[in-house]
Amino acid sequence: MDNEFLPFPAELVDVKALTKDTKLYRIRFADEQKQKSFSFKPGQFVEISVAGFGEAPISITSPPSTTEYFELCIKKVGKLTEKIHRMKKGDIVGIRGPYGNGFSIEQLYGFNPIFIAGGIGLAPLRSLIKEVFAERDKFGNISIFFGARRPGEIIFKDELKEWEKMAEVKITVDTADDGWDGHVGFVSQLVEKANISDNSFAVICGPPAMFEPTVEQLKKKGIEDIQVSVSAERRMKCGIGKCGHCIAGGEVYVCLEGPVFTYDRYQEISKML
Ligand SMILES: Cc1cc2nc3c(=O)[nH]c(=O)nc-3n(C[C@H](O)[C@H](O)[C@H](O)COP(=O)(O)OP(=O)(O)OC[C@H]3O[C@@H](n4cnc5c(N)ncnc54)[C@H](O)[C@@H]3O)c2cc1C
Ligand code: FES
């Protein structure tokens, strides 16, 4: 019987610092066939591991249409991620997955997609945003609202600039420092100020604390809970419904049913936590 917990060796083919604590890793499975057959949806995650340092779920940030490698954007927060930040191009990590349900791009067809991200939450959305750009004519106006704690914590800075050619892009920081002349405040305030039609579908990813105030602003613009998806990156371990770490209310396995939920379903689940 196959061991579902067995990771596949994969090489870090490129490493790029995005901020002082966040790096972008371009990764390719050591086995060419494995890389060729690796397919996923935006919003899905993999489990990345380093022997002796553990394993963690990380969202895939590259789009599914890129097949020769995939990318992970990793923030240094603890034992494993600190180790990965010390690794270099050519080093080998373990990867298993993809897991979780992911976003449904079809759900956005015909709508004005609004992508709302806080912090590292931009990583899974980047995969979906790139896929939406690739199918541009299936959508109305595209908006991207991104909030970071400080200017130095803005990830994918160059790409956000590039995306301005195809979408309305607005960035805010919680706290400004010298040299920042952009918006200061929470990402929900960008939504409040935006000109949004009720034919919009919002996808939100970031700290759970941003969900409620953001959805409140969307509601004021006529957007129903069913026109909102959120990615609930609740604590997970195995990612495959075996360890019970992510269970809500003794019955919902967030790693299997999620991490992406419509906002009405997310509210039901968060009441069980
Ligand atoms: C579905 C999913 C997708 C994710 N995608 C990404 C991603 O794209 N990029 C990224 O950098 N991180 C992502 N994370 C978070 C990532 O899994 C954790 O940061 C990771 O487990 C840290 O491992 P560590 O051993 O370095 O830290 P640990 O030593 O395990 O913990 C360090 C600190 O982080 C806290 N922590 C640990 N795990 C989590 C968690 N899941 N959520 C919140 N706090 C946590 C701990 O309480 C501790 O304070 C994702 C998590 C989930 C569940
Ligand atoms: S993470 Fe193990 S059961 Fe969901």
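Modeller: Let's start with a cut-off: a residue counts as exposed if 12 or fewer other C-beta atoms lie within 10 Å of its own, and as buried if there are 20 or more. Keep in mind that this is a predicted model.

Colleague: Okay, which residues of α2 are called exposed?

Modeller: Lys-79, Glu-82 and Arg-86. Each of these is called exposed because the count around its C-beta atom is 12 or fewer.

Colleague: And which residues of α2 are called buried?

Modeller: Those are Leu-80, Thr-81 and Ile-84, so each has 20 or more other C-beta atoms within 10 Å of its own.

Colleague: How do you know where they sit around the helix?

Modeller: Look down the axis of α2: the buried residues fall within an arc of 95°, so they line one face. Lys-79, Glu-82 and Arg-86 are on the other side.

Colleague: What do the buried residues of α2 pack against?

Modeller: Four strands: β3 (45–50), β4, β5 and β6 (92–99).

Colleague: What makes α2, β4 and β5 worth naming around ligand 1?

Modeller: Each supplies at least two residues of the shell: α2 is 79–86, β4 is 54–59 and β5 is 70–75. The largest share, 5 residues, comes from β4. The shell has 20 residues, and the closest are Ala-56, Lys-75, Gly-78, Leu-80 and Thr-81. Leu-80 and Thr-81 are also among the buried residues of α2.

Colleague: What classes of residue make up that shell?

Modeller: There are 12 nonpolar, 4 polar and 4 charged residues. Among the closest, Gly-78 is there, and Gly counts as polar.

Colleague: Now the whole chain. How many helices and strands does the chain have?

Modeller: 8 helices and 15 strands.

Colleague: Why is the chain called as compact as a globular protein of that length?

Modeller: Set the radius of gyration, 18 Å, against the 19 Å from the globule rule for 273 residues: the two are close, so the description fits. Of the 273 residues, 41% count as buried.

Colleague: How is the chain divided into domains?

Modeller: The domain assignment gives domain 1 (8–99) and domain 2 (105–231). Their centres, taken over C-alpha atoms, are 24 Å apart.

Colleague: How do you know how many residues of each domain are in contact with the other?

Modeller: Two residues are in contact if their C-beta atoms lie within 7 Å. With that cut-off, 15 residues of domain 1 are in contact with 14 of domain 2. On the domain 1 side, 6 are nonpolar, 7 polar and 2 charged.

How values were computed. Residues are numbered from 1 along each chain as its sequence is written. Chains are lettered from A and ligands numbered from 1 in the order in which they are written. This is a predicted model: local features need pLDDT of at least 70, side-chain atom pairs count only at pLDDT 80 or more; totals for chains, interfaces and linings use all residues. A residue is near a molecule or strand if its C-beta atom, placed from the backbone, lies within 6 Å of it. Domain bounds come from an automatic or database domain assignment. The radius of gyration is taken over C-alpha atoms; the globule rule is 2.2 Å times the number of residues to the power 0.38. The arc is that of the directions from the helix axis to the C-beta atoms.
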